[in-house]
Amino acid sequence: ADVSVVDTLASLGERDRALVEARAFLVRHPSSERRAEIARVAGDLERTRGDCREAGLFYGLALRSRPSNADADAATFHHAACLMRLGDAAGPAAM
C-alpha cells in the first residue's frame, strides 16, 4: 500500500507529498524488495525539484538495493546526469 501511495501522489503531481512518503517508506522498510524502486522514485522527485545532490544520494541507494534492470538503468543514467550538472568530473564515467 505504501508503494501505491508514493506512485499515486507522484502521478497526481503531488511531488512534495510523494517525496515525504518515499522517505518514510525507506525508513520503515529497510529490507523491502521494493526499496530500490522507491529510492529511484525519490531520486527522480529530487531531480525534478532541481536538487541533484539529494537525487544522487537516492540513486546511489537504489543502485545498492538490488534494483530491477529498468530501475538500475534509470538510476545510473540520472545519477550520471546529476553528477555532470553538479560539475563532478565523475559524471561521464558513471554512464
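Guide: A residue counts as buried under 20% relative accessible area, as exposed over 50%, and as partly exposed in between. The model discussed here is a predicted one.

Visitor: Where does Arg 49 fall, then, buried or exposed, or in between?

Guide: Arg 49 has a relative accessible area of 49%, so this residue is partly exposed, the value being under the 50% that an exposed residue must exceed.

Visitor: And which residue forms a salt bridge with Arg 49?

Guide: The partner is Asp 16, and the closest N and O atoms of the pair are 3.7 Å apart. This bridge links distant parts of the chain, as Arg 49 sits in the loop between α3 and α4 whereas Asp 16 belongs to helix α2, 33 residues apart.

Visitor: How many salt bridges are there?

Guide: The count comes to eight. Another of these pairs is Arg 23 with Glu 54, where the closest N and O atoms are 3.2 Å apart. Arg 23 lies in helix α2 and Glu 54 in helix α4, so this bridge ties together parts of the chain that are 31 residues apart in sequence.

Visitor: How accessible is Arg 23? And what about Glu 54?

Guide: Arg 23 is partly exposed, with a relative accessible area of 36%. Glu 54 is also classed as partly exposed, at 26% relative accessibility.

Visitor: Which residues are linked in a network of salt bridges?

Guide: The network is made up of Asp 16, Arg 23, Glu 46, Arg 49 and Glu 54. The two pairs just described, Arg 49 with Asp 16 and Arg 23 with Glu 54, therefore involve members of this network.

Visitor: Let us turn to Arg 40. Which residue does Arg 40 form a salt bridge with?

Guide: Arg 40 forms a salt bridge with Asp 44, and their closest N and O atoms are 2.6 Å apart. Both residues lie in helix α3, four residues apart, which is about one turn of the helix.

Visitor: Is that pair buried or exposed?

Guide: Arg 40 counts as buried at 17% relative accessibility, and Asp 44 counts as buried at 16%. Both values fall under 20%, so both residues meet the cut-off for burial.

Visitor: What else is in contact with Arg 40, leaving aside neighbours within four places in sequence?

Guide: On that basis Arg 40 is in contact with Tyr 59, Ala 62, Asp 71, Ala 74 and Ala 75.

Visitor: And where is His 78? Which residues does His 78 touch?

Guide: His 78 is placed in helix α5, which spans residues 69–85. Not counting residues up to four places away in sequence, His 78 touches Asp 44, Arg 47 and Tyr 59. Asp 44 is thus a contact of His 78 and the salt-bridge partner of Arg 40, while Tyr 59 is in contact with Arg 40 and with His 78.

Visitor: Why does His 78 count as buried?

Guide: His 78 counts as buried because its relative accessibility is 19%, which is under the 20% cut-off.

Visitor: A new topic: which residues touch the most other members of the largest nonpolar core?

Guide: They are Leu 26 and Ile 38, in a core of 21 residues. The elements giving two or more residues to this core are α1 (2–11), α2 (15–28), α3 (35–48), α4 (52–63) and α5. Of these, α4 gives the most, with six residues. In soluble globular proteins, nonpolar side chains tend to be buried together.

Visitor: What does Ile 38 touch, not counting residues up to four places away?

Guide: Ile 38 touches Val 3, Val 6, Ala 22, Phe 25 and Leu 26. Leu 26 thus appears both among these contacts and beside Ile 38 as a core member that touches the most others.

Visitor: How many disulfides does the structure hold?

Guide: The structure holds zero disulfides. As for individual cysteines, Cys 52 is buried, with a relative accessible area of 5%, and Cys 82 counts as buried at 1%.

Visitor: What is notable about the phi of Arg 66, and where does Arg 66 lie?

Guide: Phi of Arg 66 is near 55°, a positive value in a residue other than glycine. Arg 66 lies in the loop between α4 and α5 and counts as exposed at 69% relative accessibility.

Visitor: Finally, where is Met 84 placed?

Guide: Met 84 is in helix α5 and counts as partly exposed, at 39% relative accessibility. The C-alpha atoms of Met 84 and Arg 28 are separated by 32 Å, the two residues being 56 residues apart along the chain.

Technical notes. Residues are numbered from 1 along each chain as its sequence is written. This is a predicted model: local features need pLDDT of at least 70, side-chain atom pairs count only at pLDDT 80 or more; totals for chains, interfaces and linings use all residues. Side-chain values use heavy atoms; hydrogens and water are left out. Buried means under 20% relative accessible area, exposed over 50%, partly exposed in between (1.4 Å probe, protein chains only). Contact means heavy atoms within 4.5 Å. A disulfide is a pair of cysteine sulfur atoms within 2.5 Å. A nonpolar core is a set of buried Ala, Val, Leu, Ile, Met, Phe, Trp, Tyr and Cys residues joined through side-chain atoms within 4.5 Å. A salt bridge is a side-chain nitrogen of Lys or Arg within 4 Å of a carboxyl oxygen of Asp or Glu.
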